[in-house]
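Me: Please take a close look at one position in this model and what surrounds it. After that, set it against the side-chain pairings elsewhere in the chain.

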Amino acid sequence: LSGLRRQAAVAISQELSKLACRSTGPSTWINQVRRRSSLLSSRLEEKPFSEMEMSYIKQGEEALQKSLSILGDQDGWKTETVVDNGDKVLSKVLPDVGKVFRLEVVVDQPLDTVYSELVDNMEQMGDWNPNVKEVKILQKIGKDTVITHEKAAATPGNIVGPRDFVSVRCSKRRGSTCVLAGMSTKYGAMPEQEGFIRAENGPTCMVLRPLPGSPSQTKLTWLLSIDLKGWLPKTIINQVLSQTQVDFANHLRGRLAQ
């Protein structure tokens, strides 16, 4: 039987070679066989995700879907801040989440440039955003998911002391729309840090789209949902969070202008 199998394999290989040589190029179905074989080989080489990694991927996707659902509901948003350049912050209260904030700005840079700065250069955010002390990627899972540890800087006058976050982040790009979503998660290798209060965020996301009619500009929408923990008056929390979003837009513009 093994001899027959070898003979059959040789015969098939010879016939494929003959068919390929008869025409100017391989036939369509030969190409398909080769492509499928190559795809199968690449899939066999992929490292399967562990159960824990799959749970992080699922958390990231849940944060993305819930964030987009919140942004998709246009009812109930109230204006918090409007800046002379058109930047604005809106807010609304959700029964299962609490108060969320929505920043809407236009950045004078193409989408690819903004996306690269926010995703590819994520760990450099502390270099240009004074509200962020450090962003560190703890683990990458596949192409779209990362676990991060972020340290927020104390606010002026130390009204809000140092906070830190452990988050799962998911980035998806579909055509001309990019979504960067995230939420707090548990990560055994990053316990609570001395001198920081472990706050929680999410669902949160940034949506990037080219400005209609002006592809050199990007419309950025940032949904922010944070529980700062500790004892803080709501008036202070609301003021700090809305101002943080306005400041972020200005710092991002300054970074991209460089």
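Reply: In this predicted model, L224 is in contact with V100, F101, T204, L241 and Q245, leaving aside its neighbours within four places in sequence. L224 itself belongs to strand 11, which covers residues 214–224. Is L224 buried or exposed? Its relative accessible area is 6%, and the limit for a buried residue is under 20%, so L224 counts as buried. One of its contacts, Q245, can be placed by distance as well: the C-alpha atoms of L224 and Q245 are 8.3 Å from each other, with the two positions 21 residues apart along the chain.

The setting for this position is a protein of 258 residues, of which 38% are buried. Its secondary structure consists of 6 helices and 12 strands. If contacts are counted between residues at least 6 apart in sequence, 57% of them join residues at least 24 apart. The exposed area is about 15400 Å², with 53% of it coming from carbon and sulfur atoms.

The aromatic side chains come next. There are 3 aromatic pairs in the structure. For Y56 and Y187, the ring centres lie 6.2 Å apart and the planes meet at 45°, so this pair is classed as tilted. Y56 is part of helix 3 (residues 51–72), while Y187 is in the loop between strand 7 (177–184) and strand 8 (197–198), so the two rings tie together parts of the chain 131 residues apart in sequence. Y56 and Y187 are both buried. Elsewhere, W128, W222 and F248 make up one aromatic cluster.

Two arginines are placed over aromatic rings. R102 lies over the face of W77, 5.2 Å from the centre of the ring. R173 has its charged end over the ring of Y115, at 5.1 Å from the centre.

Salt bridges remain. Side chains of opposite charge can pair when their charged atoms come close. The structure holds 15 salt bridges. In one of them, E61 pairs with K172, and the closest N and O atoms are 4.0 Å apart. This pair links distant parts of the chain, since E61 is in helix 3 and K172 is in strand 6 (residues 163–174), 111 residues apart. E61 has a relative accessible area of 37%, so it is partly exposed.

K172 also meets the side chain of D144 in a salt bridge, at 3.1 Å from N to O. D144 sits in the loop between strand 4 (132–141) and strand 5 (145–152), and its link to K172 in strand 6 joins positions 28 residues apart. D144 is partly exposed too, with a relative accessibility of 29%.

A further salt bridge runs between D164 and R198, where the closest N and O atoms are 2.9 Å apart. D164 is in strand 6 and R198 in strand 8, so this pair again links distant parts of the chain, 34 residues apart. D164 and R198 are both buried. Which residues are joined into one network by salt bridges that share partners? They are E61, D144 and K172.

Conventions: Residues are numbered from 1 along each chain as its sequence is written. This is a predicted model: local features need pLDDT of at least 70, side-chain atom pairs count only at pLDDT 80 or more; totals for chains, interfaces and linings use all residues. Side-chain values use heavy atoms; hydrogens and water are left out. Rings of Phe, Tyr and Trp (its six-membered ring) pair if their centres lie within 6.5 Å; planes under 30 degrees apart count as stacked, over 60 as edge-to-face and the rest as tilted. Helices (H or I, at least four residues) and strands (E, at least two) are DSSP runs, numbered from the N terminus. Buried means under 20% relative accessible area, exposed over 50%, partly exposed in between (1.4 Å probe, protein chains only). A charge sits over a ring if NZ of Lys or CZ of Arg is within 6 Å of the ring centre and within 35 degrees of the ring normal. Contact means heavy atoms within 4.5 Å. Accessible areas come from the Shrake-Rupley method with a 1.4 Å probe; for residues, only the protein chains shown count as cover.
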